[in-house]
Amino acid sequence: MNTFAYRYPVTVYFGEKAAEKNLPSELKKVGKNVMLAYGGGSVKKNGVYDELMNLLTTAGKNVTEFTDIMSNPTYAKVQEGARLARESKIDFILAVGGGSVIDCCKVVSAQAKTDDDLWELETVKHGSPADFIPMGAVVTAFGTGAEMNNGAVITNEEKKVKGPLWGAFYDFAILDPTYTMTMPINQVISGSFDALSHCMETYMGTPRETNLSDEINEACQRNIIRNLRATLKNPQDIEVRSELVWASAMGENGILKIGKVTDFQAHMLEHQLGAYTDCNHGQGLAVIHPVLYRYMLSEAAPQFARLAVNVWGVDPVGKTETDLANAFLDALASFIKEVGLPTTFTEMGISADTDYVAIADSTVLTGGCCKKFTKDELLAVLYACR
Ligand code: NZQ
Ligand code: ZN
């Protein structure tokens, strides 16, 4: 096992009525001016907005609303939020939504406190923001686990890059599975696949021999697969949904990453696909994963074989490592079809004239993957996904 340091700064309040039970005491710790941040309006339709607004006004807060945060949040939207936070002298940000709102606010919290351009500071000067507006997250869409980490995936439209910016950790995260019950079913499916992808991308890193983090990881993968199937049969089953919400959080709360250097090559490629096409994140991953993994077969066979047996329940008797690795690839591909995820970029509605050369050229090559991809190989993967 690699050496590691582990600390986890986010207080998680999980379960039904978690906001009602815990937000009042959390709000006592913060200043009067609160930014309530949300997306395109689902929170207004499902009652979450009214419930939170009531808790905020009862706590005597002055509320400033930062609205219309889009899926795949842009750097321009971050700047809009930071301006608003400065003008309104915001003391605390309450981010309410899925990964997009939660990520956008991580960077707003840092950008509002500095005149430096954060993109320039982090990606060119390799500095880090030091000062943040404190924040809380209320999760309404599960999958990304964004509430559990301090990385924000932001699209810089001018530079055509969708990449990570490092912001603050949330002081607390409210995970009430009932808030996710109105998610569109396609988002339930793509969010679940995103969570499965985070587990796989972590598993495929180094070290590659069996270790405790990977054994916990295998349990998370089995849980997501089982519960995605179950939620498709009965989308209103709150127990099943609760498992998916927590499994998604587990994917990104650092526990599976303990002692590991992660892979995340599929994510790097999907993020650049997103920079050029604004596509749905989980769907992009579903198309890319099986194709990318076929390219890794010879290097990744021992890990793929373990996944076949320990996650997908393939009987190992009489099978070689290569047989099992292929069985994993087949199981993953057929699961993607079974749950109704797309299998090609065309099915996702991505235009045929997309600049795949530029996407491959601008994709970060990751360090933890057992195969070191070249840009040409990534281009071949993208072409095979069309
Ligand atoms: O905008 P509203 O109207 O709220 O609608 C949203 C949005 O259209 C809707 N929604 C959310 N909760 C709902 C709901 N609709 C009905 N009922 C509810 N309870 O769902 C749609 C998608 O929301 P979004 O936040 O965009 O989805 P997701 O959670 O998948 O987040 C995607 C973003 O997170 C990034 C992705 O790249 C993408 O930008 N990621 C962040 C990660 C991180 N920080 O750790 C890790 C991931 O790998 C990922 O890259
Ligand atoms: Zn993801």
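**Notebook: domains, ligand 1 shell, helix 12**

In this predicted model I looked up the domain contact and found 20 residues of domain 1 in contact with 25 residues of domain 2. On the domain 1 side, I listed strand 6 and strand 7 (161-166) as the elements that give two or more residues to it. Strand 7 gives the most, with three residues. By class I noted nine nonpolar, nine polar and two charged residues on that side.

I checked the bounds next: the domain assignment puts domain 1 at 11-180 and domain 2 at 189-385. I have their C-alpha centres at 27 Å apart.

I then turned to ligand 1. I find 35 residues around ligand 1, and the closest are G39, G40, S71, G98 and G99. Each of the two domains supplies at least three residues of this shell. I noted four elements that each supply at least two: helix 2 (42-45), helix 5 (99-111), strand 6 (151-156) and helix 7. Helix 5 gives the most, with four residues. I sorted the shell by class and got 23 polar, nine nonpolar and three charged residues.

My last entry is on helix 12. I found a kink of about 45° in helix 12 (residues 297-310), centred on Q303. I looked up burial there as well: Q303 is buried, and so are A300, F304, A305, R306, L307 and A308. For what covers these buried residues, I noted helix 7 (185-203), helix 11 (281-295) and helix 13 (321-338) among the elements included. Helix 7 thus has two entries here, as a supplier of the shell around ligand 1 and as part of the cover over helix 12.

Terms used:
Residues are numbered from 1 along each chain as its sequence is written. Chains are lettered from A and ligands numbered from 1 in the order in which they are written. This is a predicted model: local features need pLDDT of at least 70, side-chain atom pairs count only at pLDDT 80 or more; totals for chains, interfaces and linings use all residues. The bend at a residue is the angle between axes fitted to the seven residues ending there and the seven starting there. A residue is buried if 20 or more other C-beta atoms lie within 10 Å of its own, exposed if 12 or fewer, and partly exposed in between; C-beta atoms are placed from the backbone. Two residues are in contact if their C-beta atoms, placed from the backbone, lie within 7 Å. A residue is near a molecule or strand if its C-beta atom, placed from the backbone, lies within 6 Å of it. Ala, Val, Leu, Ile, Met, Phe, Trp, Tyr, Cys and Pro count as nonpolar, Asp, Glu, Lys and Arg as charged, and the others, Gly among them, as polar. Domain bounds come from an automatic or database domain assignment.
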